[in-house]
2 protein chains.
Amino acid sequence: MIKLYYEKGTCALASHIALEEAGAEYSTMRVNFGAGEQRSPEYLAVNPKGRVPSLVTERGILTETPAMLAFIAQSFPKAGLAPLDDPFRFAEVQAFNSYLCSTVHVAHAHRLRGARWADDPAAIEAMTRKVPDSMAACFDLIEGKMFRGPWVMGESYTICDPYLFTIARWLEGDGVDPARFPKVKAHRDRISERPAVRKVVADQKA
Amino acid sequence: MIKLYYEKGTCALASHIALEEAGAEYSTMRVNFGAGEQRSPEYLAVNPKGRVPSLVTERGILTETPAMLAFIAQSFPKAGLAPLDDPFRFAEVQAFNSYLCSTVHVAHAHRLRGARWADDPAAIEAMTRKVPDSMAACFDLIEGKMFRGPWVMGESYTICDPYLFTIARWLEGDGVDPARFPKVKAHRDRISERPAVRKVVADQKA
């Protein structure tokens, strides 16, 4: 059975929702960042990067949200979570998720994880100060150029949707008013009503 | 025909090599960053992010290196550039490329692109100073935990290889001695001898 390592409030939520939407049999294991469990020898044996999510499968361990989301979509094709038979449409899905991973998530990480990229406390504070602007610039692009509606890719719900939902939930904490992005805000509300999303959000709160 | 927008010295090299390895018919168009062409209205119409690479196909435009690499592998299956029939192995390829995109490339970008994440010049300098350490930490992980050899994924050359090659070429400029990573260094030498790689590197120098 698949096992997902996650922490509350992290991007692992996207894969958790995708597993639920796919109808997968899976279990979850919380990695308590507050207790430093992501740096424990036990967890580093699972994921030497010391981050979440990690997905333990019978074939081995996977990391990196875009890779895990595509794996879930391909492993449970009946769930229809990606256009698997069309390399161009599949690449559009992957391009969106790659942007979330390498640009939007990175912009967000400069609020609390600045020590990854500078040692000087003043520099780390300067990074934190810019997060509202850089996150808003990302969501301007998503709202204006990338989001199709009603779902990210248009009429079909895909693995882009739980990932956008996950990162859009960080806006308030990052000092950005979601009301600036009406399509993204409506998407966040719409997806929140899906049974799989309600269940996973409740599970992670428990 | 496929058209690749690239700039010299950027991650677009990975997709350029993959197109050549795939035997694709394609053309290239340089986007001169020194002249600010990535911010021209013409180029922003191609890629509103103002970055390279972009891949113009008959179906539409794709961005984001991991997505483009998977698209090339799926569009030219005879080239055998990814384990397309095995979702787990394919996910391993994608996880490696996602790590390069979202962590290694991002670490590198803090040398010259710090203004993305802070406005204070002193903070931007502090970011630049940390790049040798953060890039070395990434390559420690690649060398010790991720690279299988002789190619990234083992016996088969995949879309991970030109991408690692592309980013490993940045080490010296980032203040890291490649000799610290013997497997990565040998890989860089090995891949440099492939006809497709020699051709593309020469084309980009021209």
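**View 1. Helix α1 of chain B and the residue that follows it, in a predicted model.** Gly23(B), just after α1(B), takes a positive phi of about 75°. The helix spans residues 12-22 of chain B and is mostly covered, with 10 of its 11 residues buried. The buried residues are Ala12(B), Leu13(B), Ala14(B), Ser15(B), His16(B), Ile17(B), Ala18(B), Leu19(B), Glu21(B) and Ala22(B). Their cover includes the strands β1 (2-6), β2 (26-30) and β3 (54-57) of chain B. It also includes the helices α3 (65-75), α6 (160-168) and α8 (195-205) of chain B.

**View 2. The two copies and the relation between chain A and chain B.** A turn of 180° with a shift of 0.0 Å along the axis lays chain B on chain A, and the RMSD is 0.0 Å. That is the relation of a two-fold axis. Of the interface residues of chain B, 100% are also interface residues in chain A, so the copies meet through the same surface. The contact takes 47 residues from chain B and 47 residues from chain A. The size of an interface is often given as the accessible area lost when the parts come together. Here chain B and chain A bury about 3,700 Å² between them, and 63% of this area is on carbon and sulfur atoms.

**View 3. Polar and charged pairs between chain B and chain A, and the elements of chain B at the contact.** Four salt bridges are counted between the two chains. Lys130(A) and Asp119(B) form a salt bridge, with their closest N and O atoms 2.7 Å apart. Eight residue pairs are in polar contact across the interface of chain B and chain A, both residues of each pair being at pLDDT 80 or more. On the side of chain B that touches chain A, β4 (60-63), α3, α4 (87-109) and α5 (121-146) each supply at least two residues. Helix α4(B) gives the most to this side, with 15 residues. By class, the side of chain B that touches chain A has 24 nonpolar, 11 polar and 12 charged residues.

**View 4. Ser134(B) in helix α5 of chain B.** Ser134(B) has a relative accessible area of 13% and is buried. Leaving out residues up to four places away in sequence, Ser134(B) touches Arg116(A) and Ala107(B).

**View 5. Glu92(A) and its salt bridges to Arg89(A) and Arg148(A).** In the bridge of Glu92(A) to Arg89(A), the closest N and O atoms are 2.6 Å apart. Both residues lie in helix α4 (residues 87-109) of chain A, three residues apart, about one turn of the helix. An α-helix has 3.6 residues a turn, so residues three or four places apart point the same way. Glu92(A) counts as buried at 12% relative accessibility, whereas Arg89(A) is partly exposed at 34%. In the bridge of Glu92(A) to Arg148(A), the closest N and O atoms are 2.9 Å apart. Arg148(A) lies in the loop between α5 (121-146) and α6 (160-168) of chain A and Glu92(A) in helix α4, so the pair ties together parts that are 56 residues apart in sequence. Arg148(A) counts as partly exposed, at 44% relative accessibility.

**View 6. The salt bridge of Glu64(B) and Lys49(B).** The side chains meet at 2.7 Å, N to O. Glu64(B) is in the loop between β4 and α3 of chain B and Lys49(B) in the loop between α2 (41-46) and β3, so the pair ties together parts that are 15 residues apart in sequence. Glu64(B) is buried at 11% relative accessibility, and Lys49(B) is buried at 14%.

Notes
Residues are numbered from 1 along each chain as its sequence is written. Chains are lettered from A and ligands numbered from 1 in the order in which they are written. This is a predicted model: local features need pLDDT of at least 70, side-chain atom pairs count only at pLDDT 80 or more; totals for chains, interfaces and linings use all residues. Side-chain values use heavy atoms; hydrogens and water are left out. Copies are superposed by least squares on the C-alpha atoms of residues with pLDDT of at least 70 in both. Contact means heavy atoms within 4.5 Å. Buried means under 20% relative accessible area, exposed over 50%, partly exposed in between (1.4 Å probe, protein chains only). Helices (H or I, at least four residues) and strands (E, at least two) are DSSP runs, numbered from the N terminus. Buried area is the accessible area (1.4 Å probe) that two parts lose on being put together, summed over both. A polar contact is a pair of N or O atoms within 3.5 Å; within protein, one must be able to donate a hydrogen and the other to accept it, and residues adjacent in sequence count only if both atoms are side-chain atoms. Ala, Val, Leu, Ile, Met, Phe, Trp, Tyr, Cys and Pro count as nonpolar, Asp, Glu, Lys and Arg as charged, and the others, Gly among them, as polar.
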